[in-house]
Amino acid sequence: MAGRNKKQHFQRSTGRDRLVIDASYFAAVHTYLALVAFGSALLLGCALHFKKIVKNGVAGYPDEWFPSVSATIGDWYPERNLFQILIAITSGPRFSIVFLQYLLHRQPQSSSPRWLFLFGIIRTLSCGGWVYITSNDDHDVHDVLMILYILCNVPWMLGGIHCTPAGHTESRRKRFFGSIIPMVYFFVQHKVYKIPGAYTRYSFFEWGLILLDILYDSITGIDFERSKLQARKSYIRKLAMNSTDLHIAYLFWSNVTSLLTTLFYFSIWELGFSGSEAALFVYLSPVLLGIASLRQWAITTQGRVALRLLSLVGLVAYKLDDPVTRLFVVGSANLVSLVSHCILGVGLILSSLSKHANHSNNPVWPMLNEEIGGYNKVGIALALLALLELGTRSPAPRRTSMPPQKGAGASSFHKHDIANHWLAPSIALGSLFFTLHCLLTDSSTIIAWSWTGYESRKPRGPLPHLYGAVTILAQSLGLLIPVVLPSHVASALLTHIAWFAYGCASAFIMYSFRNWLGFAGGLNFAVFCMSITPSVLSQAAMGGVNTPGRTLFLAFFFVVVFYVANVFTAAYAFVPGGVYFRERTDLVLVAQLAAMSFAFRWPKTKFRKLGPSLHISGATASYIATLLVVMSLTSVLVTIFHWPMIGPSPYKPGTGILNAGIWTVHFGFDNAGRDSQRRMRDVIRDMQLDVVGLLETDLHRTVYGNRDLTRVIAEELGYYVDLGPGPNMHTWGAALLSKFPIINSSHHLLPSPHGELAPAIEATLDIYGTEVTVVISHNGQGRLLKEDALDRELQSRELARIMANLYPRPVVFLGYVVTKPHAPRPAPYDFLVNDGLMYDIDPHDMDRWCEYILYRGLYRTAYARVSRGIVTDTELQIGQFVVPKHGFNLVNQTEESRLLRGWKEELPEDHVCNLILPTSLKYLQTVSGCQWSTMVMSGKEG
């Protein structure tokens, strides 16, 4: 470990050479690298692009004659690229300084070093933020991160002065900070008063702040040298080992969560069993550990490396375009992974964090690639480095017997007795594993459980992209409880029936209540599940000490049972026996808790005595606690980074134009089984859609990867989002994206006595000052069964009632209703149009079956059908409308006036519809007052 030692550089210990590095070298390396990075960027910039980097929005050369830091490091090649490479190399020593300074200053009676460490981490991460997000990339984000960095300098420097050892007067005298006040003054002169030349003077102080900051960090070398602080090879190796174990645990969760999404792609196409479900038997592969020779080989260094190397094929599978081959490879990777790994709470949190940062997608999933948000090559490279460390690691000493326990009741903890109690820990492990996968592999899942919409222009509950970090904080807090508490205290608390009662109460609140109260229940349930993870793992490990194959086989058998039951609660209309699971998430949740109850001490039962809790050493506990703090902090910074700086606005503001679309997006899978969010974003952007109804969007289930399909579109294009009914409502999902403020919204479960539940969203939007209601629905599939026909009739009547009650308010209906145009009752068309007092956007388009756009109270000006390409299996329908000016009330319109549109008011010249499609398709333009022709475009890209 790092420690104080009189020898300065290298030493020989007990006959073995042990590398010992003077900690002051880290400060020196950081100083030189930082100076070279900024200095080389300044010299290259002045030599190659002087007049370009001194120019700003107010003036250029000769009024401005010295460049700012932002312009120097962020605008031009090659100085930008060289700087970013050097600053990336600098990050290692910089983090080392923060950590080593914490080791030097930490004291049991003082919390100041911990706060100093926290601000040091924030300061370093924010520095990386404004360095890599330049003012050209995103000016607002760059400025926010720069301000955060400057603000963190104050507690970092003042805290450093406070924590400096009293005898280190030389370093105390050299601790300083300044330049902030004059820098702010000249920035105001430039930005507000627009005085030429003020930015040059501002730049001097900005560069001065950077230089002083680097020199300040260099002074830590004096502290390290005076304290004889050193970093030994063994300690560095320990950090590498911990990092390896963390990454392996992360890859375990990445592999496990990718299998269900890969196999369920085929079930979606078949609308029932497709045969791919046989891949679920891969989860039972731990039974292979019942083979003694395989088990003995799997725990050797060679066996561990080989198995983990084989599991990496799950990461390489992203290169495969054929979904069948990809499923086979991912299934094989999971088979090996489940034999060689066990779940780890920190790896789960890291997996959830990576999804939170990557728009709800795990960046190493095989369903992603570089074009659609994947970082597969980075994941593979890190995995290979982890395997290299694992292969060169010294073998751990093997335990041949369990330590005897002292005190009353010690006889119950003999190895033989513990090994015979394997059934209960196996059941508890299976239930916990499924619960973690179902609810906590994505930070927005429990938010989706509690979501109900908007009221008075504000969301009634948390939004996923803004409050997902709170879920990660709750997970970290839960795992922190058994880490920081003494082992005997943690064992007594976390296996007590009172703690189980706390978990049950939290689950009840999460299931029964909505909005902030339901979210609070979900957060507490996350704390509960994460807190008992080490205990459940410990009990399962001891129960399976002689027969791990039997223990893990039973655990994952229960996992598979829960997977199937969870899917059947919503897919009951498409699977045999599904009627018994219809909408019974409550029973599945009760079964989960009942199975987890075996991990607790129950009075007067044979389960009152459990084995000793998992003991976590002080060094490991400190590492895990630090890691949890860093990941929690990172989740908050990710949220800040994704926080929208500018609110949504329509594509053609002030024109009265509304472009609305309806799209069934096939659960976010494209035709090749890959994630379709970014291709959807591109199509919606090119179509300039102000309001979009997305159907089949409830992806917060294990088989869909627990994803939020709206994240990419909402964050990158700027939309208000209503997620629609959550996964506990047992629908396929409907979501609303709007460029206009959502005043109020409510969710409906349409009547479905026999078939699948049908979701609907009723939302009132403020469109150019006029309240317009948008209704989005996904009616039953309608497989020509008698009971499905009844469902569709009842659902259509309910939708017609909702829209008729709003008369004469303007309404746009965007729905999936499964009917032929003008079909007589009991088909849905006549109910929706006549009883709902609505107009068909194009009554002459007879080539429709599923999706329909209806409207009233608006000028209908254009209509288009855009083919799916490879994005999904269903077309996108688009309607363009114009909101009447105040005083115009559109009622009882004739068909001729709706389609040819008499000129009842003047409209601006902006009323032109441009369809810019991929090059393989065609470009359409319509002039004011005309309509898009009904078209079906073809092409392999979309």
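Two strands count as paired if DSSP finds at least two bridges between them. Helices (H or I, at least four residues) and strands (E, at least two) are DSSP runs, numbered from the N terminus. Keep both ideas at hand for this tour.

The model on your screen is predicted, so local features need pLDDT of at least 70 and side-chain atom pairs count only at pLDDT 80 or more, while totals for chains, interfaces and linings use all residues. Residues are numbered from 1 along each chain as its sequence is written, and side-chain values use heavy atoms, with hydrogens and water left out.

**Stop 1: the whole chain**

Start with everything selected. The chain has 31 helices and 21 strands. Of its 942 residues, 58% are buried, where buried means under 20% relative accessible area, exposed over 50%, and partly exposed in between (1.4 Å probe, protein chains only). The chain exposes about 38500 Å², with 63% of that supplied by carbon and sulfur atoms; such areas come from the Shrake-Rupley method with a 1.4 Å probe, and for residues only the protein chains shown count as cover.

**Stop 2: strand 11**

Now select residues 734-738, which make up strand 11. Is this strand mostly covered or mostly open? Mostly covered: 5 of its 5 residues are buried. Ala-734, Leu-736 and Ser-738 lie on one side, with Ala-735 and Leu-737 on the other.

Next, add residues 720-722, strand 10, which pairs with strand 11 in the antiparallel sense over 3 bridges. To see one of them, find Tyr-720, whose bridge partner in strand 11 is Ser-738. Then bring in strand 9, residues 691-695, which runs antiparallel to strand 11 and is joined to it by 5 bridges. Here Leu-695 has Ala-734 as its bridge partner.

**Stop 3: a space inside**

Select Thr-697, Asp-698, Leu-699, His-700 and Leu-723. The structure holds 11 cavities of 30 Å³ or more, and about 110 Å³ of space lies in the largest cavity. Of the 15 residues lining the largest cavity, the five you selected are the closest to its centre. On a 1 Å grid over the protein atoms alone, a cavity is a set of points where a 1.4 Å probe fits but cannot get out, and lining residues have an atom within 4 Å of a point. Points are joined across faces, edges and corners, and a volume is the space filled by probe spheres set on them.

**Stop 4: an open sheet**

Move on to strands 12 to 17. These 6 strands form an open sheet in the order 12-13-14-15-17-16, with mixed pairing. Strand 12 (742-750) and strand 16 (839-840) each have a single partner strand, so one side of each has no neighbour in the sheet.

Which residues of strand 17 (851-856) pair with strand 16? Leu-854 is the bridge partner of Asp-840, and Tyr-855 is that of Tyr-839. Strands 16 and 17 pair in the antiparallel sense over 2 bridges. Select residues 811-816, strand 15, and you will find 6 bridges to strand 17, again antiparallel. Leu-854 appears here too, as the bridge partner of Phe-813. In strand 17, 6 of 6 residues are buried.

**Stop 5: Val-559**

Finish in helix 24, residues 548-571, by selecting Val-559. At 1% relative accessibility, Val-559 counts as buried. Beyond its neighbours within four places in sequence, Val-559 is in contact (heavy atoms within 4.5 Å) with Gly-430, Phe-433 and Phe-434. His-437 is 122 residues away in sequence, yet the C-alpha atoms of Val-559 and His-437 are 9.7 Å apart.

Notes. 1 Å grid on protein atoms, 1.4 Å probe; cavity = no way out; pocket = protein on both sides within 12 Å on 5 of 7 lines; lining within 4 Å.
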